[in-house]
Amino acid sequence: MDGSNQTIHPSCRDKPPVAIDIILQLDIFGIILYSVLTFMAAVSMLVYIEECIYIYRKVPSNKKSVIIWVNGAAPVIGTMSCLGMWIPRATMFTDMASACYFAIVVFKFLILMLEEVGGDEAFLRRAGKHKLRISTGPCCCCCPCLPHVAITRRSLFLLKLGSFQFALLKIVFTILSIVLWTNGNFDLADLEITGAAIWINPFVGVLTIIALWPVAIMFMHLRNTLRSLKIVPKYAMYQLVLVLSQLQSAIINILAMNGTIACTPPFSSQARGYSMSQQLLILEMFIITLVTRLLYRRQYDPLPEEEHDDNENTKMVTVPENA
């Protein structure tokens, strides 16, 4: 054989290993790593369950559901990542489950901001003389010339619809992907034009951007009003979960599919990339879970009425007189 030729280990071209193969090949460092990460995922879920009990007992009924949903983003993603770490062949399904949950969280965070103000009616009453600035990310942050939009029941409905479509369609496309996968038509590594993944994933990406836009619009409008309720760090945690669970994972998986991440038996290059992504997510979601607990564990008193003072910190975007 020519010296320039290199022998490729069979596992580098094989499917991801089954769970028992991982357990049997763990060394001391691997045992410690997997044990610590599993412990983190378990603690994240226990903290979340304890927080759910607190919310159920202390929080007004109109906010219970949305706060529980939003609080669950990090622990649910961490738990799914732990399952994907131990069972690499289930990574596609655990990632889909995490993505579906977060799609619902995007919509729930929009509802959370409205509920913190007092609900739809209270928001419309407060914002009757204000307008929405739609030149914000992720769609139109570079278009400051866009006009402000009056706040009406119709515009509020469109904002909700923009986020709700993602929660609904993400689940629909996930079910479609699983059905196509069972028929051999869906493969995340298949980037051919005839593959289903190359069509479904970009379309879901567009739906994601459309869904994030209404949340950003509402946040920019209410960030001063809800500043006393720590809405800015809450929004930062929500955005961080989005970046880590979607963008970070996508970058690592692309590097793995390109062979940039080296093959390490029993993991192929792609399976090792998935494994690294899951391990990072467990650690990151553990930290976010602890921070989120501190942000949402507070007294949920009604928000005071907005004062009619030009210097008031809760001042919103006012409708021009000639509008």
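This is a guided tour of a predicted model, arranged as a series of selections to make in the viewer.

**The whole chain**

Begin with the entire chain displayed as a cartoon, where 10 helices and 2 strands can be picked out. Following the sequence from its start, these elements run in the order α-α-α-α-α-α-β-β-α-α-α-α. The chain has 323 residues, of which 46% are buried. If contacts are restricted to those with a sequence separation of 6 or more, 77% of them are between residues 24 or more positions apart.

**Helix H5 and its partner H4**

Next select residues 91-117, which form helix H5, and then add residues 73-86, which form helix H4. The axes of H4 and H5 come within 8 Å and cross at roughly 175 degrees, which makes H4 roughly antiparallel to H5. To see the contact itself, show side chains for Ala 73, Val 76, Ile 77, Met 80, Leu 83 and Gly 84 on the H4 side, and for Thr 91, Thr 94, Ala 97, Ser 98, Tyr 101, Phe 102 and Val 105 on the H5 side. Sorted by class, the residues of this contact comprise 9 nonpolar and 4 polar, with no charged residue.

**Helix H3 against H5**

Keep H5 in view and select residues 61-71, helix H3, which packs against H5 at an angle of about 140 degrees with the two axes 8 Å apart. How are H3 and H5 oriented to each other? An angle counts as roughly antiparallel when it is over 145 degrees, and H3 and H5 are therefore classed as oblique to each other. Their crossing is left-handed.

The contact draws on Asn 62, Lys 63, Ser 65, Val 66, Ile 67, Ile 68, Trp 69 and Val 70 from H3, while H5 contributes Tyr 101, Ile 104, Val 105, Lys 108, Phe 109, Ile 111, Leu 112, Glu 115 and Glu 116. Here the division by class is 11 nonpolar, 2 polar and 4 charged.

**Glu 115, within H5**

Zoom in on Glu 115, one of the H5 residues that meet H3. Is Glu 115 buried or exposed? Its relative accessibility is 17%, and because the limit for buried is under 20%, Glu 115 counts as buried. Leaving aside residues up to four places away in sequence, Glu 115 touches Asn 62 and Lys 63. The side chains of Glu 115 and Asn 62 are joined by a polar contact of 2.9 Å. A C-alpha to C-alpha distance drawn from Glu 115 to Val 66 should read 8.7 Å, although the two residues are 49 apart along the chain.

**Ile 55, in helix H2**

Now select residues 28-58, helix H2, and within this helix highlight Ile 55. Ile 55 has a relative accessibility of 0%, and so counts as buried. Beyond residues up to four places away in sequence, Ile 55 touches Lys 64, Ile 67, Ile 68 and Asn 71. Of these, Ile 67 is 12 residues from Ile 55 in sequence, with 7.7 Å between their C-alpha atoms. Ile 67 and Ile 68 also appear among the H3 residues that meet H5.

**Across to helix H10**

Return to H5 and add residues 269-296, helix H10, whose axis comes within 13 Å of that of H5 and crosses it at roughly 25 degrees. That angle makes H5 roughly parallel to H10. The crossing of H5 past H10 is left-handed. On H5 the residues to display are Thr 91, Asp 95, Phe 109 and Leu 112, and on H10 they are Tyr 274, Gln 278 and Tyr 296. By class, this contact has 4 nonpolar, 2 polar and 1 charged residues.

Tyr 274 leads on to the next selection, Asn 253, which touches Gly 273, Tyr 274 and Ser 277 when residues up to four places away in sequence are not counted. Asn 253 belongs to helix H9, residues 231-257. With a relative accessibility of 13%, Asn 253 counts as buried.

**Last stop: Lys 230**

Finish in the loop between helix H8 (197-222) and H9, where Lys 230 is found. What is the sign of phi at Lys 230? Phi is positive, at about 60 degrees, although Lys 230 is not a glycine. Most residues other than glycine have a negative phi. Lys 230 counts as partly exposed, because its relative accessibility is 42%.

Definitions and conventions:
Residues are numbered from 1 along each chain as its sequence is written. This is a predicted model: local features need pLDDT of at least 70, side-chain atom pairs count only at pLDDT 80 or more; totals for chains, interfaces and linings use all residues. Side-chain values use heavy atoms; hydrogens and water are left out. Helices (H or I, at least four residues) and strands (E, at least two) are DSSP runs, numbered from the N terminus. Buried means under 20% relative accessible area, exposed over 50%, partly exposed in between (1.4 Å probe, protein chains only). Contact means heavy atoms within 4.5 Å. A polar contact is a pair of N or O atoms within 3.5 Å; within protein, one must be able to donate a hydrogen and the other to accept it, and residues adjacent in sequence count only if both atoms are side-chain atoms. Axes are lines fitted to C-alpha atoms, for helices over the stretch in contact, and angles run from 0 to 180 degrees between N-to-C directions. Angles under 35 degrees count as roughly parallel, over 145 as roughly antiparallel, 65 to 115 as roughly perpendicular and the rest as oblique. A crossing is left-handed if the near helix is turned anticlockwise from the far one by less than a right angle, and right-handed if clockwise. Ala, Val, Leu, Ile, Met, Phe, Trp, Tyr, Cys and Pro count as nonpolar, Asp, Glu, Lys and Arg as charged, and the others, Gly among them, as polar.
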